[in-house]
Each structure stands twice: as C-alpha cells, then as structure tokens.
Amino acid sequence: GERRTYIVHVSKSHKPRVFSSHHHWYSSVVESLPRRRGEGPAKLLYSYDRAVRGFSAHLSGDQADALRRVPGVISLVPDERRVLHTTRTPQFLGLADSFGLWPNSDYADDVIVGVLDTGIWPERPSFSDEGLPPVPERWKGGCIEAADFPKSLCNRKIIGTKAYFLGYEATRGKTMEESNESNSPRDTEGHGTHTASTAAGSVVSNASLFGYAPGEARGMASRARIAVYKICWSFGCYDSDILAAFEQAVVDGVDVISLSVGSSGHAPPYYLDSIAIGAFAAVENGIVVSCSAGNSGPSSYSAVNIAPWILTVGASTLDREFPADVILGDGTTYGGVSLYAGESLGGQQYSLVYAADAGNRYCYSGRLSPALVAGKIVICDRGGNARVAKGNSVHLAGGVGVILANLADSGEELLADAHFIPATMVGQTAGDKIRSYARSDPNPTATIAFRGTVIGTSPPAPRVASFSSRGPNYRTAEILKPDVIAPGVNILAGWTGEVGPTDLDSDTRKVEFNIISGTSMSCPHVSGLAALLKKAHPDWTPAAIKSALVTTAYVVDDNGAPISDLATGGKSNSFVHGAGHVDPNRALDPGLVYDIQTSDYVAFLCTIGYDANRISVFTDAAYSTDCSAVGLGTPGNLNYPSFSAVFSGRGAVVKYKRTVKNVGLNADAVYEVEVKAPIGASVTVTPSKLTFSQNATELSFEVELSSVAGAVDLESSGSSLAAFGSIEWSDGGSHRVRSPVAVLWPLNAAA
C-alpha cells in the first residue's frame with residue numbers, strides 16, 4: 001500500500017538482550033517487517049534517544065500494522081505538517097492556552113488526580129511524561145510490580161498504580177488466576193484509560209477514532225499527575241475494594257479523586273454507601289471527590305453519588321456530531337449518528353425490514369430469521385441488549401445494515417458507536433416514521449450515508465443526555481443533585497490495547513482512542529477542572545471548588561436558548577442539569593463562595609437523624625459530637641451553593657440560612673441580589689445587599705421560600721410536582737454568583 005513516514009514511540013525496557021543497543025534493535029525490527037513482492041524494504045530514517053524514545057521510518061500500511069504488533073511499540077504517529085487545532089472538548093469549554101484557567105493554573109502542574117476505575121493502559125501517548133518535572137516530593141504513593149505492568153512503566157505522568165481485588169475474589173469465590181483475570185493495574189476493559197486520559201491526559205497530536213473526531217487530544221489538566229487505583233474487574237467493583245482504594249489514596253496524598261462508578265439502583269443511605277463513606281474521608285483531608293451521577297435517566301430520583309460532600313456530575317452533548325443519514329426509497333431523509341468506518345453502502349438502496357417482523361424487535365442474537373433478513377437493512381428497536389450487539393446479530397443473520405431506532409425512553413438522544421456493519425442511530429420521531437414506512441410501503445428500501453465529523457451550532461449544544469441520571473435527591477431532597485453537567489456524549493479519549501472499540505468478543509479491531517458516552521465521561525472532565533482550580537487556588541477547600549463550579553455554570557445553549565433535555569425534547573431543569581453546564585474560566589474567579597467544613601457535614605448527618613454510631617462510619621469526630629447542640633434544624637441549612645425546598649402543602653414556608661465568602665480581588669465589593677422565583681412560590685432574600693470589607697470577608701443572608709400555589713403549571717417529577725428558579729448575587733461587574741432554586745410539592749400535599 002501507500003507509504004508514509006511514521007514516528008514510532010517505543011518502550012525502551014522491552015529491548016531484547018540480544019541487541020547491543022537500542023539502535024541495533026530498531027534496525028532489526030524495521031528490516032524484519034513484511035513486504036509484498038517487488039516492494040522495497042521498510043526504511044529506518046532516524047534512531048532517537050533524547051527527543052523521543054524510538055525511531056522514524058518510512059512504511060507501507062501493511063508494515064505499519066505489523067509494527068504496531070511488535071512488543072514494546074507504544075504508538076505510530078504519522079509525520080504530518082502541524083497546524084493549530086484541537087479535539088472539541090477543551091474548545092467547547094472555552095479553555096485556551098492564552099487566557100483563563102489553563103495558563104492561570106499552569107495546566108494543574110503537580111496536582112495529583114487519583115482515578116478509581118478499571119486501571120490504565122500505560123503505553124498510550126496520553127500518558128507520556130515528556131516535559132513534566134520530577135514526581136512531587138510530597139507524593140507518598142508508588143507503583144506495584146506486576147507481570148504485565150512492571151514498575152518501570154510508571155513515569156512522571158503515571159506516578160502510582162495499585163490494584164484492589166481481595167473483596168472481588170472473596171465474593172466470586174475464586175482467585176484471580178482461577179477466573180483467568182490478571183490482578184494487575186493494566187486496563188483490559190478501556191473505561192479507566194478513557195477516564196484517566198480525559199481528566200489528565202498529556203497533549204496528543206492527530207488523535208481520532210477511524211478518522212472521526214480528528215485533532216489534538218488532551219486531558220482537562222494536561223500537566224497533572226495520575227495515580228491509578230484499580231477497583232473494577234470483569235464482574236464489577238466491590239465496596240471492600242473501593243474503600244481500600246479510598247484509604248490508600250488519602251494516605252498517598254492525592255488532591256482530587258475521580259470516580260465514575262456508583263450503585264445501579266437508587267442511591268443507598270449514606271452510611272451504607274461505600275463511595276459516600278470513602279469520599280467523606282477524602283474531603284476531610286482536603287481532597288475533591290468528583291463522581292458520575294449515573295446512567296439511569298430519564299427516570300426521576302435516579303441520581304447516585306448524591307452525598308453533599310461529593311461533586312455529582314451529569315452528562316450533556318458537545319457541538320460535534322457524527323452524522324449518518326437514513327435515506328428511504330421514497331426520497332425522505334432522516335438524520336442519525338454513527339462511527340462506522342468500513343466500506344460504505346455507496347448510495348445503493350437495499351430492502352428494508354422492521355426487526356419486529358423478522359423475529360425480534362430488539363435484534364437479540366440468534367432470534368432474527370435469516371430468510372427475512374438476508375441482504376436487507378434491518379430496523380432494530382433500542383433497548384434490551386447492547387447497541388453494537390444488534391448490528392452483530394443482524395450481520396450473523398445475513399443483513400447488510402442496521403437502523404437503530406429509539407423508543408420513548410431515549411427520545412432524541414443519539415449515541416455514536418463504532419459499528420461493524422453499516423449502521424446508524426435515529427431518534428424516536430424519525431424511528432416511528434421509518435418503522436411505519438417499512439410496514440406500509442409494498443417494497444420498502446433504504447440506504448445509509450455516512451458524513452464524517454461535523455462541528456457547529458446545529459443541533460444546539462449542550463443538550464442533556466436522556467441517560468443522565470436525575471434528581472430529586474432520593475435520600476435528602478433538600479440537597480439539589482446533580483450539581484452540574486459536563487460533556488459526556490460521544491467523547492474521544494484513550495483506550496485499552498486489550499479489546500476493540502466495542503465490547504463484543506468478535507471485535508478484533510485495536511484502537512488508541514475510542515469515542516464513548518456516559519456520565520463516566522463527564523465526571524473526569526470535572527475532576528480535571530477541579531485539579532486546575534486546586535492549583536490556581538491552593539487554599540480553597542473541596543466545597544469552595546464545588547461552589548465555584550456550581551455558581552458560575554450556565555443554563556443556555558450555543559443558540560442562546562435554555563438548555564434542552566434530550567429525553568423530552570423540551571426545556572431541561574435543575575433536577576436534570578443541576579446548576580447547569582460547567583464554565584471553567586468563570587469558575588477561576590467566582591467572586592463569592594459557599595464554603596463548608598467537616599464539622600458542617602457532621603452537623604448535616606446529625607440533622608438527618610444519624611446517631612453517633614452511624615456518624616462514626618464517616619469520621620473520628622463522631623463521639624465528640626453532641627448532635628443536639630450542632631444540628632442544622634433542616635438539612636437545607638447546610639451551606640450548599642444551591643437551594644432545594646420541600647413544601648408540605650399550600651402556604652408552607654421554608655427558611656434557609658447561607659454564608660458567602662468574598663474571594664474576589666476587591667475586598668470592598670458590594671453584591672446585590674436578583675431573585676427569579678419558581679412558579680407557585682415566593683422567594684425573599686434578606687438582606688438583599690451584601691457589603692464586604694477587609695474586616696467583613698464573610699457575610700450571611702436568609703432565604704424564605706413560601707408556597708403560594710396549588711398544583712398549577714408545575715412540572716411532574718416522579719411522585720412530586722416541581723418548579724425552578726434562581727438566586728443570583730451580582731457585584732455589577734464581572735461576578736454573577738448564581739444558585740439554582742428547586743421547590744417540590746409532594747403530590748398528596750399539593751392539593
């Protein structure tokens with residue numbers, strides 16, 4: 001095939017002993033690459049040692065593929081002319097090298113992010129330590145020695161690796177060897193590599209998945225260090241292992257913990273929630289804990305990781321789409337999305353069949369009739385099995401393509417997948433029309449046209465993903481959750497070398513980067529932003545960092561309209577997006593912060609009725625605490641940066657107190673309040689003006705929320721009716737400190 005020059009990055013420790021030097025090894029590897037008849041040998045251009053570890057060579061496509069499989073070869077980067085460009089997330093978040101949070105935090109230089117996940121694939125270029133100073137002296141952690149992950153693979157980027165599986169082994173009743181799992185920190189699943197590179201990956205040029213989403217990939221905090229705590233294995237992540245990892249992370253001295261894991265059902269009570277318990281210890285030690293809200297949307301009360309000391313993150317879209325249109329035989333076109341990268345259908349129309357009329361509407365494996373499917377494009381309903389498995393099932397039955405069609409629960413949420421066969425996903429509205437065409441037309445046909453990567457403001461962004469878990473807070477409705485949303489749909493980041501981009505056993509493709517979706521993807525974005533804020537403001541508590549992100553979040557999309565919810569197609573609300581979408585550069589300078597100390601969290605636990613024994617699960621301070629003396633009266637009095645009230649009925653009144661600290665440059669700032677009351681409620685803030693000075697850096701105010709309506713025009717939220725508003729403090733200049741306000745009427749109280 002066509003030849004190109006590649007820069008080949010090599011892990012020097014892989015050099016076989018028979019070679020006297022690295023140069024000798026590289027020459028031998030290049031000479032041994034396969035060549036077709038009449039083709040000259042691959043040519044070694046340079047052998048490097050100082051600039052990079054490795055060499056450059058001129059290779060055919062076949063030779064490049066062969067070289068990628070050589071042990072010790074980390075990556076092949078095509079030699080190309082450089083122009084400035086980047087993969088979308090940093091740009092969409094407004095992050096830039098020239099101003100704002102990145103330069104003001106030196107990209108979180110020396111901040112340590114602990115990632116509790118499925119491990120890491122250390123050879124990825126996202127984990128290069130080029131240009132990083134030595135490991136911070138305060139770091140007490142280290143790397144374990146494992147057969148497939150020697151200590152020598154740690155560097156100045158990956159500064160800690162630990163693996164926790166004793167609880168997993170015990171529950172499974174077999175050792176890791178018996179269940180044929182490696183007990184090393186190496187990521188064989190992909191998830192941990194993706195989250196770690198999102199939070200703190202180094203800058204990588206020419207990143208893409210099969211040419212989709214091309215550009216420069218970099219983590220939010222590209223100079224931060226990564227400490228890996230592997231807690232998740234083939235069959236899950238166990239509490240005993242999670243707690244051991246939290247414990248070690250605190251001892252080791254991480255600054256931020258990123259955890260894209262949570263319970264699958266409703267959030268457990270805090271004292272039974274290992275993540276809440278581990279996070280409490282972390283926060284007590286000044287560590288920010290950022291967690292995913294879960295992928296159980298759009299049902300109400302589905303958010304997990306909802307303890308008030310955790311930063312809880314929902315997921316939304318970027319202004320980047322991967323369009324793949326369905327063109328029906330009658331000429332109508334419906335927009336979908338896909339990351340299919342094989343042979344295209346070339347515009348040819350194929351017979352179309354709805355899977356419900358060919359054996360199984362969800363396209364379960366082995367349930368489709370080959371006689372009805374062979375040579376056709378099949379419409380499969382979303383749900384039941386993995387999206388990519390549907391394509392595999394159609395493929396095995398002889399079908400040529402798949403249209404994945406959403407049902408009501410997913411609405412218009414479109415997730416791009418690296419399908420094996422030509423496939424696209426369409427929303428419910430288009431899906432209904434395509435299904436009806438397939439059943440009503442005597443000779444229905446279709447084709448799928450793949451359009452690549454498109455960036456722009458149509459459709460608008462961000463929009464909240466249907467899968468993103470929702471409030472109200474199942475355990476304490478007075479604490480608004482989720483806290484914020486961040487990019488979590490179709491996100492490009494590093495991937496494992498063990499499995500292909502889909503989770504199917506039959507997927508033998510190997511990729512350096514993968515594009516996937518989930519609140520698992522949005523959480524590490526916020527973990528990385530927290531690391532940047534920690535570096536910019538070393539004296540801020542975890543609560544101050546959360547407050548800065550919450551009170552500067554935005555609630556309009558890039559078309560200037562309110563952020564919408566893909567589950568309903570309508571306007572999103574604070575139980576869906578929390579305070580809104582993170583805005584990192586504004587969070588650098590929030591003006592005021594709502595701060596919270598450990599003793600306030602203990603008072604919160606007292607207030608929700610926990611006794612000393614229950615509180616002792618969280619902190620040593622439990623037995624020295626007199627709950628009757630420190631209670632907050634109502635959990636909503638915790639100094640949280642958002643407001644949520646539950647009304648017992650018409651005429652009910654709820655009073656909350658808050659204290660804000662001036663962290664702006666002007667010590668004598670004067671802030672005035674602007675209230676947008678939720679429908680059916682009145683909101684009074686006293687005083688309505690806060691005058692700060694050198695001597696008065698912290699000032700308090702009271703918020704009185706009264707129910708003035710019955711159930712009129714209110715949004716249903718599970719078993720309650722809800723309405724939404726905001727309280728915003730402004731200094732007349734650049735600072736607008738906005739807190740969302742949510743009010744709930746239980747249905748039996750709304751009458």
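**Close-up views of a predicted model**

**View 1. Helix α13 is mostly covered.** Ten of the ten residues in α13, which spans residues 542–551, are buried. In this predicted model, the buried stretch begins with P542, A543, A544, I545 and K546. S547, A548, L549, V550 and T551 are buried as well. The list thus includes K546 along with alanines A543, A544 and A548.

**View 2. Helices α7 and α8 pack side by side.** Helix α7 covers residues 239–252, and helix α8 covers residues 274–284. Their axes lie 9 Å apart and meet at an angle of about 10°. That angle makes α7 roughly parallel to α8, because angles under 35 degrees count as roughly parallel. From α7, the contact involves D239, I242, L243, F246 and V250. From α8, S274, I275, I277, G278, A279, A281 and A282 take part. An α-helix has 3.6 residues a turn, so residues three or four places apart point the same way.

**View 3. Four strands form an open sheet.** The strand order is β29-β31-β35-β33, with antiparallel pairing. Strands β29 (592–593) and β33 (681–686) stand at the edges. Each has a single partner strand, so one side of each is left without a neighbour in the sheet. Strand β29 is joined by two bridges to β31, residues 653–662. These two strands run antiparallel. V593 stands opposite K661 in β31.

**View 4. H419 sits in a loop and is buried.** The loop carrying H419 lies between β20 (401–405) and β21 (423–426). The relative accessible area of H419 is 3%, so this residue falls under the 20% cut-off for buried. Leaving out residues up to four places away in sequence, H419 touches S338, L339 and Y340, among others. R387, V388, L404 and R509 are also among its contacts.

**View 5. Residues 349–434 carry a domain annotation.** An unreviewed UniProt entry lists this span as "domain: PA". The span is 24% helix and 22% strand. Its end C-alpha atoms lie 14 Å apart.

**View 6. The domain assignment gives four domains.** Domain 1 covers 3–77. Domain 2 is assigned in two segments, 88–319 and 462–588. Domain 3 runs over 323–452, and domain 4 over 642–745. The centres of domain 1 and domain 2, taken over C-alpha atoms, are separated by 34 Å.

Notes
Residues numbered from 1 in each chain as written. Predicted model: local features only at pLDDT ≥ 70, side-chain atom pairs only at ≥ 80, totals over all residues. Heavy atoms only, no water. Domains from an automatic or database assignment. Pairing = 2+ DSSP bridges. Buried < 20%, exposed > 50% of the residue type's maximum accessible area, 1.4 Å probe, protein only. Contact = heavy atoms within 4.5 Å. UniProt positions renumbered as here; feature names shortened; annotations may be inferred. Axes fitted to C-alpha atoms, helices over the stretch in contact; angles between N-to-C directions. Parallel < 35°, antiparallel > 145°, perpendicular 65-115°, else oblique.
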